[in-house]
Amino acid sequence: MQKNNQLKLYLSIVAISFIQGLQYSVSPILGDIKAHYPDVDVSLVQMLITAPGLLSMAVSLASGWLVLKVTKKQMLIFGALIAGITGFIPLLSDSFALLFGARTLYGIGLGIATTMNVAVVAEFFEGNERVKAMGVQAASVGAGMVVATTAAGMLGKVGFQNAYFVNIIGFISMIILLVCLPETGVSKQNHTEKISLNKKVLLMDFFGILEFLFLITFTTNIAMHLSGAIAGDSSISGILTGCFSGSQIVIGILLGVFTKVTKNYTLSAAMLSFSIGAVLLILFPENVLFLTVGAVFCGFSQGIFIPTASTYIANVVSPVSTAFAAATFTVAMNVGQLVSPTVLNSLSKAVFGEVTTTGVYILSAAGMLIAAAAMTWWQKNQAG
């Protein structure tokens, strides 16, 4: 592969990843949104991050089959356009319903981007280069989240509605994809290679649900978790979310080295990392330094889990099935994210008598630790 072509492919991966990063752009201003709409239930406010999963799941599955009819490039350009447009819709009226609807519609772009990002890497890279490209993908998603959340946090300090302007990223990504992503035509089925899944993919999907059921609590709760002198400071929550995202850049770049050290237990290590981070959030809600370290450990979890699981899935199915397998994993992640606020807030009330961010983080840390143990058992059996 020529260096020029490889550079364009990496730029395309970055552009796709930045579309995904927009999912978390409202995280730093959730506290301000809740204060602005006091009659709206806290779970609905938190779902501004998870609501895109409503459409993302359906769109992801459709994208897995649409590769037989529409090219990946065409779908991605459309997805970027949707991400940009829906990001600016809430500026039309001061309405939570409009904001919630626009965030839900953004799920179209998110579903396409998440599914096609894996499919693009699988199509153009093989072997160790695929692991490297998946690491670049994870780093790029982290970079997108850093840019989106940090910018949104700073813009939100002078009015939370200003944070919506960060969605210009969708239009910029569309231009990059138009110029840089090669057009390879539609995918083809034949008698020996048809779109299908296997038990390994489905089991990884199950672990994807667990990972994001607990992981998403970082972004949905962090703005409301701050206490003491930093309580309610959107810039602090923006910085913490940026650290969560930025750590994914670091671990994405180092993913090849990290997988060599952890070998068959990379995914278990990813889950354990979140539990460590969540414990720090629980113990030090007033201390910016420890909150930052906790955010980094939580970010490591996502930065390791997604590319490692995606690489695994791409390696255990035929090339024509890659997009659909990636789509089911996208659905799994979104299922976990979507039900997380309702499930964990309900559990917090049942276990602790009230819904608190501390209670949610305790449940998430414990749940992820159990999931890590189960993942270790599965990986050990595979190795054997």
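**A friendly note on an all-helix model**

1. Let us start with one residue: Ala 269 sits in helix H13, which covers residues 266-283. The model you are looking at is predicted. Ala 269 has a relative accessible area of 23%, so this residue counts as partly exposed; the buried class ends at 20%.

2. What does Ala 269 touch, once its neighbours within four places in sequence are left aside? Its contacts are Phe 258 and Thr 262. Along the chain, Ala 269 and Phe 305 are 36 residues apart, while their C-alpha atoms are 8.8 Å apart in space.

3. Phe 305 brings us to the aromatic rings. The model holds 15 aromatic pairs. One of them joins Phe 305 and Phe 329: the ring centres are 6.3 Å apart and the planes meet at 20°, so the pair is stacked. The limit for stacking is an angle under 30 degrees, with centres within 6.5 Å. This pair links distant parts of the chain, with Phe 305 in helix H14 (residues 288-315) and Phe 329 in helix H15 (residues 322-352), 24 residues apart.

4. Are Phe 305 and Phe 329 buried or exposed? Phe 305 has a relative accessible area of 0% and is therefore buried. Phe 329 is buried too, with a value of 2%.

5. A further group of rings deserves a look. Tyr 37, Phe 96, Phe 100, Phe 160 and Tyr 164 are linked into a cluster by ring pairs. Two members of this cluster, Phe 96 and Phe 160, are also touched by Ile 33.

6. Ile 33 itself lies in helix H2, residues 30-36. With a relative accessible area of 0%, Ile 33 is buried. Besides the two Phe residues, Ile 33 touches Val 45, Leu 48 and Leu 99, not counting residues up to four places away in sequence. Ile 33 and Phe 160 are 127 residues apart along the chain, yet 7.2 Å separates their C-alpha atoms.

7. Next comes a loop residue. Asn 167 is found between helix H7 (127-156) and helix H8 (169-180). Is this loop residue buried or exposed? Asn 167 has 6% relative accessibility, so it counts as buried; the cut-off is under 20%. Leaving out residues up to four places away in sequence, Asn 167 touches Leu 22, Ser 25, Ala 83, Gly 84, Gly 87 and Phe 88.

8. Now step back to the whole chain. How many helices and strands does the protein chain have? There are 16 helices and zero strands. Of the contacts between residues at least 6 apart in sequence, 83% join residues at least 24 apart. The pairing of Ile 33 with Phe 160, 127 residues apart, is one example of a contact across the sequence.

9. The overall dimensions fit this picture of a folded chain. For 384 residues, a compact globule would have a radius of gyration near 21 Å, and the protein chain has 19 Å, so the two agree. Along the principal axes, the C-alpha atoms fill a box of roughly 60 × 50 × 35 Å.

10. Finally, the surface and the charges. Buried residues account for 57% of the 384 residues. The protein chain exposes about 14900 Å², and carbon and sulfur atoms supply 69% of that area. There are 18 positive and 14 negative side chains, and the centres of these two sets lie 14 Å apart.

Terms used: Residues are numbered from 1 along each chain as its sequence is written. This is a predicted model: local features need pLDDT of at least 70, side-chain atom pairs count only at pLDDT 80 or more; totals for chains, interfaces and linings use all residues. Side-chain values use heavy atoms; hydrogens and water are left out. Helices (H or I, at least four residues) and strands (E, at least two) are DSSP runs, numbered from the N terminus. The radius of gyration is taken over C-alpha atoms; the globule rule is 2.2 Å times the number of residues to the power 0.38. Buried means under 20% relative accessible area, exposed over 50%, partly exposed in between (1.4 Å probe, protein chains only). Contact means heavy atoms within 4.5 Å. Accessible areas come from the Shrake-Rupley method with a 1.4 Å probe; for residues, only the protein chains shown count as cover. Lys and Arg count as positive and Asp and Glu as negative; His and the chain ends are not counted. The place of a charge is taken as NZ of Lys, CZ of Arg, CG of Asp or CD of Glu. Rings of Phe, Tyr and Trp (its six-membered ring) pair if their centres lie within 6.5 Å; planes under 30 degrees apart count as stacked, over 60 as edge-to-face and the rest as tilted.
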